[in-house]
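This report goes from the overall fold to two helices and then to a single residue. Please keep the sequence and the model in view while reading.

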Amino acid sequence: LRQIMAESDIGLPDDRTRTGQLAELLETAVLVEDREAASLLAARLSEVASLIPSGGGAVARHLGGAAALLGEREKAKEYYHLALEVCAKVRFRPEAALTHLQLAELLLEEAEEVRAQGLAPLQSDEIKREALQHLDFAIAEFPQAMKMQPSLERALRHKGILKA
């Protein structure tokens with residue numbers, strides 16, 4: 001990741017890296033939890049959040065993952081909701097399912113933090129219910145829209161966490 005970013009001069013004024021490549025690099029930065037790269041790439045992509053580059057995922061979904069990695073939960077939710085809007089407009093079911101899964105994971109983390117603080121158990125339950133709705137959508141879509149068993153299994157593991 002770092003080597004490709006250095007070779008591409010990402011972040012320099014004359015950088016002409018394609019949006020699709022930037023989105024792929026951002027997804028990679030999030031997966032390997034490289035906060036510095038995620039921050040730089042997110043800054044580059046924030047102006048094109050509503051795009052879905054050819055052959056790639058929704059930029060907004062990747063920006064949501066970066067925001068979550070950087071601890072910006074509300075910003076992550078905004079990006080995930082934007083990704084869902086964009087996916088609905090172009091009927092991109094696989095990407096919508098992945099976005100629902102990532103949003104559910106973010107909400108599960110939030111619910112756990114709220115529960116751990118012990119201040120608002122009803123709020124924690126409400127957040128879990130919302131997360132469960134997103135998981136249900138993803139679980140229903142994965143086999144039909146994508147035939148993506150790993151993503152389906154990931155979503156089902158979260159359902160097990162919720163004991164639903």
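How many helices and how many strands are there in the protein chain? In this predicted model, the protein chain holds 8 helices and 0 strands, and its pattern, read along the sequence, is accordingly written α-α-α-α-α-α-α-α. The radius of gyration of the protein chain is 16 Å, close to the 15 Å that the globule rule gives for 164 residues, and therefore the chain is as compact as a globular protein of that length. Taken along the principal axes, the box filled by the C-alpha atoms of the protein chain is roughly 50 × 35 × 25 Å.

Several totals describe how the protein chain is packed and what its surface offers. Of its 164 residues, 44% count as buried, and among the contacts between residues at least 6 apart in sequence, 58% join residues at least 24 apart. The accessible surface of the protein chain amounts to about 9300 Å², and 51% of that surface belongs to carbon and sulfur atoms. As for charge, the protein chain carries 20 positive and 26 negative charges, whose mean positions are 5 Å apart.

Two of the helices can be set side by side.

| Helix | Residues | Length | End-to-end C-alpha distance | Expected span |
|---|---|---|---|---|
| α5 | 73-90 | 18 residues | 26 Å | 26 Å |
| α6 | 93-117 | 25 residues | 36 Å | 36 Å |

For α5, the reach from the first C-alpha to the last is close to the value expected at 1.5 Å a residue, and for α6 the distance between the end C-alpha atoms likewise agrees with the expected span. Within α5, the buried residues are A76, K77, Y79, Y80, A83, L84, V86 and C87. The residue that follows α5 is R91, whose phi is positive, near 55°, and just after α6 comes G118, which takes a positive phi of about 70°.

Is A104, a residue of helix α6, buried or exposed? With a relative accessible area of 0%, A104 falls under the 20% cut-off and is therefore buried. Which residues does A104 touch, not counting those up to four places away in sequence? On that count, A104 touches A131, H134 and L135. A further pair involves Q133, which is 29 residues from A104 in sequence, while the C-alpha atoms of A104 and Q133 are 8.1 Å apart in space.

Definitions and conventions
Residues are numbered from 1 along each chain as its sequence is written. This is a predicted model: local features need pLDDT of at least 70, side-chain atom pairs count only at pLDDT 80 or more; totals for chains, interfaces and linings use all residues. Side-chain values use heavy atoms; hydrogens and water are left out. Helices (H or I, at least four residues) and strands (E, at least two) are DSSP runs, numbered from the N terminus. The radius of gyration is taken over C-alpha atoms; the globule rule is 2.2 Å times the number of residues to the power 0.38. Buried means under 20% relative accessible area, exposed over 50%, partly exposed in between (1.4 Å probe, protein chains only). Contact means heavy atoms within 4.5 Å. Accessible areas come from the Shrake-Rupley method with a 1.4 Å probe; for residues, only the protein chains shown count as cover. Lys and Arg count as positive and Asp and Glu as negative; His and the chain ends are not counted. The place of a charge is taken as NZ of Lys, CZ of Arg, CG of Asp or CD of Glu. The expected span of a helix is 1.5 Å times one less than its number of residues.
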